[in-house]
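Subject: Structure for your review

Dear colleague,

Please find the structure below, together with its sequence. My notes on what was found in it follow directly after.

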Amino acid sequence: MSKMRIYELAKQLGVANKELMEKMKSVGMEANSHMSMIEESDADKIRKLYQPAQKAEEPKKEAPKQEVKEQHKGNQQKDAPKQDNRNKGENKKAQDGKNPQNNNNQNKNNNQNKNQNNNAQNNQNQGKKDKKGKGKKDQKPRENPLERRRREMEEEAALLAELEALEAAEKAAEPVIKSIPASISVKELAEVLGKKGSDLVMALMKKGQMLNINATLDFDTAAAIAEDYNVILEQEEEKDILETVFAEEEDDEKDLKERPPVVVVMGHVDHGKTSLLDAIRHSNVTKGEAGGITQHIGAYTVQIDGKPITFLDTPGHEAFTAMRMRGAQITDIAILVVAADDGVMPQTVEAINHAKAAGVEIIVAINKMDKPSANPDRVKQELVEYGLVAEDWGGQTICVPVSAVTKEGLDSLLEMIILVAEMKELKANPNKHARGAIVEAQLDKGRGPVATVLVQNGTLQVGDPIVAGAAYGKIRAMTDDKGRRVKKAGPSTPVEILGLSEVPSAGDSFYVAENDKQARQVAESIIAKNRENMIKETPQKVSLDDLFSQIQSGNMKELNIVVKADVQGSVEAVRQSLERLSNEEVRVRIIHGGVGAITESDVMLASASNAIIIGFNVRPEPAAKAFADEEKVDVRLYRVIYNAIEDITAAMKGLLDPVFEEQVLGHAEVRQLFKASGVGTIAGSYVKDGKFVRNCQVRIIRDGIVVYEGDLESLKRFKDDVKEVAAGYECGLVFKKFNDVKEGDWIEAYTMVEVPR
Ligand SMILES: Nc1nc2c(ncn2[C@@H]2O[C@H](COP(=O)(O)OP(=O)(O)OP(=O)(O)O)[C@@H](O)[C@H]2O)c(=O)[nH]1
């Protein structure tokens with residue numbers, strides 16, 4: 001055992017927890033609770049501190065009990081030793097310090113002892129002793145045998161009572177160990193301690209703790225109270241509600257049917273994951289992606305020679321490790337894409353590690369073979385270092401040279417996937433309630449929460465009541481990856497579902513409940529638990545500008561952040577990247593992450609927990625913005641994750657550059673759209689507040705989400721270009737390179753102004 005709890009050591013050493021903790025503190029060790037763990041080496045040091053004292057005490061502690069027991073035995077057999085032992089028994093009390101008054105008698109008794117011993121042993125030599133004159137001096141008046149027997153019996157009874165009392169006392173001194181949840185009411189604690197609630201309240205009051213019977217105590221407080229009652233509390237392990245309610249029974253072999261493999265494509269940024277998947281499904285996703293980086297997980301099934309393969313498209317940038325991890329955990333095979341002209345890169349290694357950790361089979365696709373600088377041997381060479389030895393090099397790793405551009409090698413790659421899948425004998429039971437994972441989820445204006453899910457076992461059906469974390473609901477509609485309405489989805493099938501009460505988190509498991517009521521109840525208990533945790537985790541305002549000075553002055557040990565983003569995947573990505581910035585001085589902690597606009601409740605949480613708010617592709621609701629100003633909550637808005645990471649890194653080092661801050665000029669609502677040849681779409685809008693000026697910058701906000709950010713191409717009143725349009729007037733807005741504006745869109749006009757730090 002390399003670690004132990006303080007109370008265990010106290011028990012070993014036979015000392016009170018408090019005393020031991022004091023001792024530990026006196027030698028500079030941490031000892032905040034008797035439940036704390038300590039290293040065995042520290043325990044040893046403490047043992048040494050107690051050793052000399054213990055050695056001296058040991059015989060005192062152990063021997064008496066032994067002797068009392070022996071004496072009892074002896075009394076029943078022999079005469080002389082009985083007397084001897086009884087005295088020892090009495091001595092023991094004195095030595096134990098339980099009967100200090102006996103100390104005075106100790107010597108006397110000892111003497112008596114010795115003398116009586118002598119008497120007993122030398123009865124036969126009485127005459128001899130008398131001659132020497134010793135026996136004569138110690139001789140007692142002769143006792144009547146009946147009286148002697150009565151006296152012996154009385155002594156025996158007294159000794160037995162003493163022995164019992166001793167054992168009872170020892171038993172009582174041994175602390176009782178009980179388990180409680182992470183928090184408990186005073187009343188419940190009293191029950192655990194075997195006390196009346198009112199008695200415990202009184203006892204706490206005497207100690208200056210004014211608590212009523214329904215007050216909730218956290219674990220540490222309850223443990224400290226329990227210690228006074230010689231009860232050691234252990235915290236019950238928290239069970240995952242979902243896993244408890246939906247514990248899965250193992251499937252019968254006969255119910256299992258073959259299922260398609262779930263394949264994830266991993267690899268370093270720009271090594272061609274998206275292009276490869278595109279080539280496989282003959283579509284072209286790359287073109288639609290903002291900035292060329294895949295930011296949302298996708299899932300779809302392709303049929304290869306009549307055999308289905310489900311692909312999960314995972315994003316490539318390091319910031320998306322979280323999403324990739326989830327991808328790896330719900331998949332059977334990982335295609336590791338390595339560009340032949342670039343070789344093994346940091347995220348290649350990361351991907352290898354994730355795949356290995358998840359026990360996923362790796363197939364290497366050496367991509368970009370069409371490039372003249374392609375060097376597949378170098379890739380194979382580099383992979384060896386990570387335990388992947390190519391088959392043609394005598395190893396077990398399948399490596400397929402491919403080109404997403406020329407499509408060379410794609411057939412071999414797919415063949416290999418099918419081969420590996422067949423070898424793995426992937427099976428599931430389609431004839432039961434479904435369970436699986438949320439691959440991606442977002443809020444859709446018209447449809448509500450929309451989630452892409454992957455069924456892992458069972459069959460998911462329209463109408464099923466499901467739970468995924470705090471989200472629950474009856475499945476209203478299901479769409480497959482080709483956008484077709486479906487009624488059922490079996491194992492390894494990705495589908496988009498509608499009907500959830502809220503947006504679940506990507507990576508959450510989902511379960512089909514027995515009925516709507518069960519689904520709601522389970523989700524509600526999860527919501528209650530989350531709320532409880534959130535309240536617990538709050539207290540102590542910070543802005544990025546003064547972060548460094550706060551860290552320097554030692555006031556800042558934790559940088560709390562609330563993250564809001566357009567899709568759940570980005571929340572997770574931002575969370576992962578930011579938490580990784582933690583260093584020795586300050587821990588970066590994401591206290592809340594969610595999808596959608598920044599709301600008043602986000603500001604409230606940030607204010608209460610001294611957090612800053614990071615918005616990624618979202619804006620604050622107007623009321624939330626005002627509230628944040630009032631509460632002095634620092635709200636930072638970003639379009640790109642890198643910039644958020646850069647800012648926070650710089651702030652932590654005190655290196656934030658003087659920045660330009662945007663100044664909002666006004667807002668307008670789009671009321672009618674006009675098309676004009678040569679101009680594009682003109683958004684007939686009404687300026688609600690502030691003003692719009694020529695050449696200002698604008699962002700188009702739809703349901704709290706920024707759908708466009710850029711320059712205002714032209715500002716019109718009727719047919720004329722104007723310099724400025726004030727609140728209460730209509731105007732025509734044309735956006736630079738953007739025509740997808742819709743009626744009801746909210747337009748924010750702003751300009752950048754330099755602000756001194
Ligand atoms: N010549 C050549 N270029 C390729 C090949 N595959 C991908 N590319 C190019 O490499 C670049 C990156 O490709 P993507 O498919 O976006 O790479 P990715 O790994 O999905 O990148 P992220 O989504 O940003 O992580 C693009 O310019 C592609 O056109 C290939 O086989 N040959």
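With a relative accessible area of 14%, E572 counts as buried, because that value falls under the 20% cut-off. Please bear in mind throughout that this is a predicted model. The side chain of E572 meets that of R575 in a salt bridge, with an N to O distance of 3.5 Å. Both residues belong to helix α20 (residues 568-579), where they lie three residues apart, about one turn of the helix. R575, in contrast to its buried partner, is partly exposed at 23% relative accessible area.

This pair is one of 38 salt bridges that the structure holds. Two further examples join distant parts of the chain, and I describe them in turn.

The side chains of E709 and R639 form a salt bridge at 3.7 Å, N to O. E709 is located in strand β32 (residues 705-717), whereas R639 sits in the loop between β28 (635-638) and α23 (641-653), so that the pair links parts of the chain 70 residues apart. Both partners count as partly exposed: E709 has a relative accessibility of 28%, and R639 one of 37%. These two residues also take part in a network of salt bridges, in which R619, R639, E662, R699, E709 and E748 are linked.

K427 and E253 make up the other example, their closest N and O atoms being 3.9 Å apart. Here the separation along the chain is 174 residues, with K427 in strand β14 (residues 427-428) and E253 in the loop between α12 (241-245) and β7 (257-258). E253 is exposed, at 55% relative accessible area, while K427 is partly exposed, at 39%.

Turning to the strands, there is an open sheet of eight with antiparallel pairing, in the order β19-β18-β24-β15-β16-β23-β20-β21. Its edges are formed by β19 (471-474) and β21 (485-486); each has a single partner strand, so one side of each is left without a neighbour in the sheet. Within this order, β24 stands next to β15. Strand β15 (residues 435-444) and strand β24 (residues 509-512) run antiparallel and are joined by three bridges. As for individual residues, A437 has S509 in β24 as its bridge partner.

Which residues are linked with E709 and R639 in the network of salt bridges? They are R619, E662, R699 and E748, and I suggest the network as a place to begin your inspection.

With kind regards

Conventions: Residues numbered from 1 in each chain as written. Predicted model: local features only at pLDDT ≥ 70, side-chain atom pairs only at ≥ 80, totals over all residues. Heavy atoms only, no water. Salt bridge = Lys/Arg side-chain N within 4 Å of Asp/Glu carboxyl O. Helix = DSSP H or I, 4+ residues; strand = E, 2+ residues; numbered from the N terminus. Buried < 20%, exposed > 50% of the residue type's maximum accessible area, 1.4 Å probe, protein only. Pairing = 2+ DSSP bridges.
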